[in-house]
Amino acid sequence: MAFINESHPQEFILLGFADLPWLELPLFAILLVTYPIAMMGNVAIILVSRLDPRLHSPMYFFLTNLSFLDMCYTTSIVPQMLFNLGSSRKTISYVGCALQLYLFSTMGATECLLLAIMSFDRYVAICRPLHYNLIMNQRLCILFVSILWLCGLTYAVSEATLTLQLPLCGINQLDHLLCEIPVLIKTACGEKDANELALSVACIFIIAVPLCLILASYATIGHAILKIKSSEGRKKAFGTCSSHLIVVFLFYGPGISMYLQPPSSISRDQPKFMGLFYVVVTPTLNPFIYTLRNKDVKGALGKLGRSIFCFK
């Protein structure tokens with residue numbers, strides 16, 4: 001099977017908010033500010049997690065991977081979005097669209113699964129503290145992450161390739177800010193029920209099953225936290241878990257609204273606002289959520305900042 005449709009257009013016109021032109025300049029300004037903030041915040045998380053020995057634990061190993069995913073996730077979309085919002089030529093080449101589709105799908109699927117593994121890590125830490133180091137050993141953590149990336153890549157290659165095979169009947173306009181599977185399926189002509197079904201089934205395993213595991217983990221964690229006698233212990237456990245839960249709801253909420261319903265039933269502007277949310281808002285907020293509610297990360301960031309300042 002060829003990876004791309006041989007009858008494809010040379011480029012796509014991304015309509016974005018063409019019917020709301022006054023919105024483009026504010027969006028351009030917001031992206032211009034939030035993109036560097038997201039990159040710097042996630043780089044800072046990666047640096048402190050690697051440089052501070054106190055953060056050499058499975059939780060921060062997974063957090064480092066989450067930050068790296070967020071950086072790749074937003075970088076695969078935002079530069080092209082900035083270019084289109086800042087110019088009158090709002091196009092993306094077919095090859096660029098296909099590449100964006102594969103990268104975006106890989107990062108998104110991998111992050112869904114990673115958030116589930118992070119909830120399992122918190123479950124073991126709080127509900128099985130005496131066995132934590134034995135269960136969450138370095139080999140298992142590396143194995144988990146390797147499997148996550150493999151699953152994300154498998155999902156992207158299969159779903160994106162199937163989507164790119166759909167006939168477009170000369171259509172070269174996408175009513176979106178980026179190339180995304182549900183929007184391409186909705187734009188395509190001809191028979192596409194099989195694609196919608198394949199996407200729904202894949203997303204059950206990529207989104208719904210991990211989310212159910214996360215909710216089950218936190219139901220058990222909540223019960224365990226209530227049994228902790230020390231108020232300081234309860235506060236620390238709640239602070240760590242609440243950060244992760246906030247990130248889960250920020251990421252899964254828009255994903256569910258986009259991927260767990262048939263593409264044909266998606267409203268016109270829904271993909272645009274949802275895309276902005278999980279491409280821009282979530283990667284920008286994640287570092288702040290984990291930093292502001294975590295004393296260890298705040299301490300490590302302060303130490304890194306002082307060392308850089310003293311070095312200068």
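## A tour from the small strands to the cysteines

Start by selecting Phe 12 and Ile 92: in strand S2, Ile 92 is the bridge partner of Phe 12. Before you go on, note that this is a predicted model, in which local features need pLDDT of at least 70, side-chain atom pairs count only at pLDDT 80 or more, and totals for chains, interfaces and linings use all residues. Residues are numbered from 1 along each chain as its sequence is written, and side-chain values use heavy atoms, with hydrogens and water left out. Helices (H or I, at least four residues) and strands (E, at least two) are DSSP runs, numbered from the N terminus.

**Stop 1: the strands**

Now show S1 (residues 11-14) and S2 (residues 91-93), which pair in the antiparallel sense over three bridges; two strands pair if DSSP finds at least two bridges between them. Add S3 (residues 173-174), which runs parallel to S1 and is joined to S1 by two bridges. Here Leu 14 stands opposite Leu 174 of S3.

In a regular strand the side chains alternate between the two faces of the sheet. Colour S1 with that in mind: Phe 12 and Leu 14 make up its covered face, while Glu 11 and Ile 13 are on the uncovered one.

**Stop 2: two loop residues**

Follow the chain to Pro 21, in the loop between S1 and H1. Pro 21 counts as exposed, at 55% relative accessibility. The cut-offs are as follows: buried is under 20% relative accessible area, exposed is over 50%, and partly exposed is in between (1.4 Å probe, protein chains only). Try a distance label from Pro 21 to Leu 85: their C-alpha atoms are separated by 9.6 Å, with the two positions 64 residues apart along the chain.

Next, pick Arg 54 in the loop between helix H1 (24-51) and H2. Arg 54 is exposed too, at 56% relative accessibility. A C-alpha to C-alpha label to Val 297 reads 9.4 Å, although the two are 243 residues apart in sequence.

**Stop 3: the aromatic rings**

Switch on the side chains of Phe, Tyr and Trp. Rings of these residues (for Trp, the six-membered ring) pair if their centres lie within 6.5 Å; planes under 30 degrees apart count as stacked, over 60 as edge-to-face and the rest as tilted. By this rule there are nine aromatic pairs. Take Phe 68 and Trp 149: their ring centres are 6.2 Å apart and the planes meet at 55°, so this pair is tilted. Phe 68 belongs to helix H2 (residues 58-75) and Trp 149 to helix H6 (residues 138-164), so the pair links distant parts of the chain, 81 residues apart. Phe 68 is partly exposed at 40% relative accessible area, and Trp 149 is partly exposed at 25%.

Now compare Phe 120 and Phe 144, an edge-to-face pair with 6.1 Å centre to centre and 85° between the planes. With Phe 120 in helix H4 (residues 94-127) and Phe 144 in H6, the pair ties together parts that are 24 residues apart in sequence. Phe 120 is partly exposed at 30%, whereas Phe 144 is buried at 19%.

Then select Tyr 73, Phe 104, Phe 251 and Tyr 252, which ring pairs link into a cluster.

**Stop 4: the nonpolar core**

A nonpolar core is a set of buried Ala, Val, Leu, Ile, Met, Phe, Trp, Tyr and Cys residues joined through side-chain atoms within 4.5 Å. The largest one here has 90 residues, and those with the most contacts inside it are Phe 62, Leu 115, Tyr 155, Tyr 252 and Tyr 259. H4 provides the largest share of this core, 18 residues. Centre the view on Tyr 155: leaving aside neighbours within four places in sequence, its contacts include Ser 105, Ile 181, Cys 203 and Tyr 259. Contact means heavy atoms within 4.5 Å.

**Stop 5: the cysteines**

Finish with the sulfurs. A disulfide is a pair of cysteine sulfur atoms within 2.5 Å, and a search of the whole structure finds one. This disulfide joins Cys 97 to Cys 179, with 2.0 Å from S to S. Cys 97 lies in H4 and Cys 179 in the loop between S3 and helix H7 (181-187), so the pair ties together parts that are 82 residues apart in sequence. The link is left-handed, with -125° about the S-S bond, and both Cys 97 and Cys 179 are buried.

Last, select Cys 127, which is buried at 16% relative accessibility. The closest cysteine sulfur, in Cys 241, is 8.6 Å from that of Cys 127, too far for a bond.
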